[in-house]
Each structure stands twice: as structure tokens, then as C-alpha cells.
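Colleague: Pick one part of this model and take me through it closely, please. I'd like the cut-offs along the way.

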Amino acid sequence: MAELQIGDTAPDFELPRDGGGTMSLQSLRGRPVVLYAYPKDDTSGCTAQAIDFTRLKPDFEQAGVTVVGISPDSVKKHDKFKQKHELGIDLIADEDKSVLAALDVWKEKSMYGRKYMGVERSTFLIDKDGKIARIWRKVSVPGHAEEVLEAARALS
């Protein structure tokens, strides 16, 4: 599968979401979306990233932008993660990793010489028509949410 590029249509999805129900990209059309893929609930980097996006949620809302996190964790894990850290952003569960694969963020990774499959921390800024406006791959968490907010403000 070819890596997504700026200008491509973001892959649509309908996935289970925290708190119950489902969320689809189609249902968010008409406003920009920040879709950020992260490896695992309640790990240090993923927690810091979710807290940063939650802290800036009012600024994203003022810019008319929805922030959604996606990981292979279950809805049950998402709910615990949100409650434990008082997160205010939406989280969706891609347990079969089909959307993560379509985003080309389900990758072979390596730690301490051991190879395994996991999520490459990435963020996609999707415009109101469902086209990818910006892509950040291999994200470093510190300052990232602020950078995404600036790009989102420029888009809206």
C-alpha cells in the first residue's frame, strides 16, 4: 500500500469509540479533523500526548477542529485511560488495525534488538472535505500538539 500524501483523501472509517457508540470520518465532514495515531493507552509518551491535546482542546474547538486519537487498544482501555487522566478528547479503537494499516502507521518496529509490529506515532490534519492537509510521521511528543494547533488554525 502506498504511503498517504498531502492532498489524498483520508481513509474513511467507522470505529467503536470511548463511552460507547461509533465514530466515522464521514460524520465529521464539514470541519477539519486532527487524527492522531498512537501506540498504547497509559504509556508515558501516549499519556503526555493525550494530555497535551486535551489541554489545547478549547483552542482546537475555537478553530473549529475536532481532535481524535486512534490506537489498537479496546474501548474499555480507552475509557479507563480517559477517566484516569481526565482526558477530554475522543478516542477510537482500531483493534483489527485495518484503519491503522490504511493510514500506513502499522509498522515493524524494533526495541532492544527485538522486532515487533506496532503503531508509528503519526498525526494527520484532515480538511473539511476529507483531504489530508498535513502529515507528521515519527512524532516526538514535546511541542507537537502546539505545532498541530498552529497548522489547524492556518487551515481553518
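**A close look at helix H1**

Modeller: Let's take H1: its buried residues (under 20% relative accessible area with a 1.4 Å probe, protein chains only) are Cys46, Thr47, Gln49, Ala50, Asp52, Phe53 and Thr54. Bear in mind that this is a predicted model, where local features need pLDDT of at least 70 and side-chain atom pairs count only at pLDDT 80 or more, while totals for chains, interfaces and linings use all residues. Numbering starts from 1 along each chain as its sequence is written, and side-chain values use heavy atoms, with hydrogens and water left out.

Helices here are DSSP runs of H or I, at least four residues, and strands are runs of E, at least two, numbered from the N terminus. With 12 residues at 1.5 Å a residue (times one less than the residue count), H1 should span 16 Å, and its end C-alpha atoms are indeed 16 Å apart.

What do the buried residues of H1 pack against? Their partners are S3, H2 (57–62), S4 (66–71), H3 (75–85), S8 (122–126) and H5. From S3, Tyr36 touches Gln49, Ala50 and Phe53, among others (contact: heavy atoms within 4.5 Å).

Tyr36 and Phe53 are also among the residues touching the most other members of the 23-residue largest nonpolar core, a core being buried Ala, Val, Leu, Ile, Met, Phe, Trp, Tyr and Cys joined through side-chain atoms within 4.5 Å. S3 (33–37), H1 (44–55) and H5 (144–155) each supply at least two of its residues, and H5 gives the most, with 5.

Technical notes. Buried means under 20% relative accessible area, exposed over 50%, partly exposed in between (1.4 Å probe, protein chains only). Lists of a residue's contacts leave out its neighbours within four places in sequence.
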